[in-house]
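Here is a short report on one protein model. Please keep the sequence and the coordinates at hand while reading.

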Amino acid sequence: MILLENRTLQIAVKEMGAELTRLFHKPTKREYLWQGGPAWPRQSPILFPAIDGFVQGTYLWNGHPYQMPPHGFARDLPFSLYRQTEEQVTLCLESSVQTHALYPFDFKLFVSYRLSGNRLRVEWTVKNTGEHTMYYAIGGHPGFRLDRGTALTDYALTFDRPVRLAARRMDGRLVSRSTYPIAEKSDHLPLSPTLLENDSLAFESGIRTVTLENPRTGYRLQMDLTGAPILAVWTDPETVQHAEF
């Protein structure tokens with residue numbers, strides 16, 4: 001486990017999956033990251049080189065079928081430590097015989113975490129080290145812990161500007177082409193079990209920043225989504241009535 005901290009934040013990163021496992025705000029003694037549990041055992045996996053799944057878990061490249069697990073394989077493989085300073089750490093995953101069985105491309109994936117005041121910057125760098133055009137998707141899947149004694153209905157998402165919110169329809173691990181409306185030209189989305197009872201909401205509205213907040217407890221966490229074309233919002237549908245993250 002790799003630990004970094006400054007006057008405001010303390011984080012922990014494990015080598016397996018280069019996964020963030022702690023995001024602790026020292027002045028308020030608030031742990032923002034879900035610590036794992038029966039509802040969902042993970043904390044902040046990195047999704048690479050696929051997000052969601054494929055029909056029958058299979059895709060073709062150059063006529064050859066490959067089996068790819070949902071959300072790819074990076075989250076389940078050990079990364080090596082590439083560079084570390086007092087407030088930044090970078091880890092690396094390289095293609096191998098093991099990854100070639102699932103994904104026929106040569107690559108290096110760098111994952112970097114850097115502290116700066118009350119901000120954590122997360123950066124992914126994907127390097128194609130082979131000769132072929134490399135197809136991939138990459139995304140973050142952080143689970144944010146809700147304050148004890150609160151419910152999903154106490155929270156809302158606030159966006160940088162009013163946007164039309166339409167979500168992609170999901171069919172299990174598959175993303176459909178059709179969408180359905182969530183809100184018309186709004187910069188505020190109250191959360192509720194009903195909103196999230198079916199699965200994730202995938203928005204393609206060009207949202208630049210999103211803030212998860214609960215005014216009653218002073219909870220506020222803002223994410224800068226620069227460079228990310230899709231924002232997905234999810235909690236475990238089986239436990240949504242008593243959601244903890």
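The report goes from overall dimensions to strands, core, salt bridges and one loop residue.

## Overall dimensions

This is a predicted model. The protein has 1 helix and 18 strands. Its C-alpha atoms fill a box of roughly 55 × 45 × 35 Å along the principal axes. The radius of gyration is 19 Å, which agrees with the value near 18 Å for a compact globule of 245 residues.

Buried residues make up 44% of the 245. The exposed surface comes to about 13500 Å². Carbon and sulfur atoms supply 49% of that surface. Among contacts between residues at least 6 apart in sequence, 57% join residues at least 24 apart.

## The sheet of β1 to β4

Which order do the strands of the open sheet take? The order is β1-β2-β3-β4, with antiparallel pairing throughout these 4 strands. β1 (2-5) and β4 (30-31) stand at the edges. Each has a single partner strand, so one side of each is left without a neighbour in the sheet.

A hairpin of 3 residues joins β1 to β2. The two strands pair over 4 bridges, in the antiparallel sense. Leu4 of β1 stands opposite Ile11 in β2. Leu4 also belongs to the covered face of β1, together with Ile2. Leu3 and Glu5 form the uncovered face.

Next comes the pairing of β2 (residues 9-14) with β3 (residues 19-25), antiparallel over 6 bridges. Here Gln10 stands opposite Phe24 in β3.

## β13 and its partners

β13 pairs with two strands treated here. The table lists these pairings.

| Strand pair | Sense | Bridges | A facing pair |
|---|---|---|---|
| β13 and β14 (residues 174-190) | antiparallel | 10 bridges | Ala156 and Pro190 |
| β13 and β16 | antiparallel | 4 bridges | Phe159 and Val210 |

The hairpin of β13 and β14 has 2 residues between the strands. In this hairpin, Gly172 takes a positive phi near 65°.

## The nonpolar core

Which residues touch the most other members of the largest nonpolar core? They are Phe159, Phe203 and Ile207, in a core of 58 residues.

Phe159 has contacts well beyond its sequence neighbours. Leaving aside residues within four places, Phe159 touches Leu165, Ser186, Asp187, His188 and Leu189, among others. The list also includes Ile207, Thr209, Val210 and Leu231. Two of these names recur above: Ile207 is named with Phe159 in the core, and Val210 is the residue in β16 that Phe159 stands opposite.

## Salt bridges

How many salt bridges does a search of the whole structure find? The search finds 12.

Arg30 and Asp147 form one, with the closest N and O atoms 3.0 Å apart. This pair links distant parts of the chain, 117 residues apart. Arg30 lies in strand β4, whereas Asp147 lies in the loop between β12 (139-140) and β13 (156-171). Are these two residues buried or exposed? Both Arg30 and Asp147 are buried.

Arg208 and Asp160 form another, at 3.4 Å from N to O. This pair also links distant parts of the chain, 48 residues apart. Arg208 is in the loop between β15 (201-203) and β16 (209-214), and Asp160 is in strand β13. Arg208 has a relative accessible area of 48%, so it counts as partly exposed. Asp160, at 30%, is partly exposed too.

Arg220 and Glu213 make a further salt bridge, with their closest N and O atoms 3.9 Å apart. Arg42, Arg75 and Asp76 are linked in a network of salt bridges.

## Pro142 in the β12-β13 loop

Pro142 is found in the loop between β12 and β13. The loop between these strands also holds Asp147. Pro142 is partly exposed, because its relative accessibility is 30%.

Which residues does Pro142 touch beyond four places in sequence? They are Leu33, Gln43, Ser44 and Met223. Leu81 is 61 residues from Pro142 along the chain, and the C-alpha atoms of the two are separated by 21 Å.

How values were computed:
Residues numbered from 1 in each chain as written. Predicted model: local features only at pLDDT ≥ 70, side-chain atom pairs only at ≥ 80, totals over all residues. Heavy atoms only, no water. Pairing = 2+ DSSP bridges. Salt bridge = Lys/Arg side-chain N within 4 Å of Asp/Glu carboxyl O. Buried < 20%, exposed > 50% of the residue type's maximum accessible area, 1.4 Å probe, protein only. Rg over C-alpha atoms; globule rule 2.2 N^0.38 Å. Contact = heavy atoms within 4.5 Å. Areas by Shrake-Rupley, 256 points an atom, 1.4 Å probe, with all protein chains shown as cover. Core = buried A, V, L, I, M, F, W, Y, C linked by side-chain atoms within 4.5 Å.
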